[in-house]
Amino acid sequence: MKRVDLIKEIAAEFELIANRLSETEVATVASVVELEPQHLAEIAKRAQKLTGPKNVKLKTVIDKSLLAGIIIRIIEEFRALFIKARICPSKGGDRFQL
């Protein structure tokens, strides 16, 4: 019965190992509102540029304490990379400025 509680921990550890084997970095994106798919694609592309030729998987978090913009958090084995970005209005629609 008590083993059922371990499922979340086992799944999290499995995900870490799978990401390491596939050279995938997990980036957490915090924003005050839900982001559009095209914005998430742009964030993933830029985060991949910053981390090298690795794959990037995004996890989104709604953070009501933010006033505007986004915070991207990428944690690698021995270093952490925090990126603050803002949305800049442009003629072609909103774009992220990292």
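Colleague: In this predicted model, glutamate 42 and arginine 46 both lie in helix 2 (residues 37–51), four residues apart, about one turn of the helix. What makes the contact between glutamate 42 and arginine 46 a salt bridge?

Modeller: The N to O distance between their side chains is 2.9 Å. The cut-off is within 4 Å, so the pair qualifies as a salt bridge.

Colleague: Why is glutamate 42 called buried?

Modeller: Its relative accessible area is 18%. Buried means under 20%, so glutamate 42 falls in that class.

Colleague: And why is arginine 46 called partly exposed?

Modeller: Arginine 46 has a relative accessible area of 26%. Partly exposed covers what lies between buried, under 20%, and exposed, over 50%; arginine 46 therefore counts as partly exposed.

Colleague: How do you know that lysine 59 forms a salt bridge with glutamate 15?

Modeller: The closest N and O atoms of lysine 59 and glutamate 15 are 3.5 Å apart, which is within 4 Å, so the criterion is met. Lysine 59 lies in strand 2 and glutamate 15 in helix 1, so this pair ties together parts that are 44 residues apart in sequence.

Colleague: What links Glu15, Lys57 and Lys59?

Modeller: A network of salt bridges links the three residues. Lysine 57 also meets glutamate 15, at 2.9 Å from N to O. This pair joins strand 2 (residues 55–62) to helix 1 (residues 7–21), with lysine 57 and glutamate 15 42 residues apart.

Colleague: Why is glutamate 15 called partly exposed?

Modeller: At 24% relative accessibility, glutamate 15 is neither under 20% nor over 50%, and therefore counts as partly exposed.

Definitions and conventions. Residues are numbered from 1 along each chain as its sequence is written. This is a predicted model: local features need pLDDT of at least 70, side-chain atom pairs count only at pLDDT 80 or more; totals for chains, interfaces and linings use all residues. Side-chain values use heavy atoms; hydrogens and water are left out. Helices (H or I, at least four residues) and strands (E, at least two) are DSSP runs, numbered from the N terminus. Buried means under 20% relative accessible area, exposed over 50%, partly exposed in between (1.4 Å probe, protein chains only).
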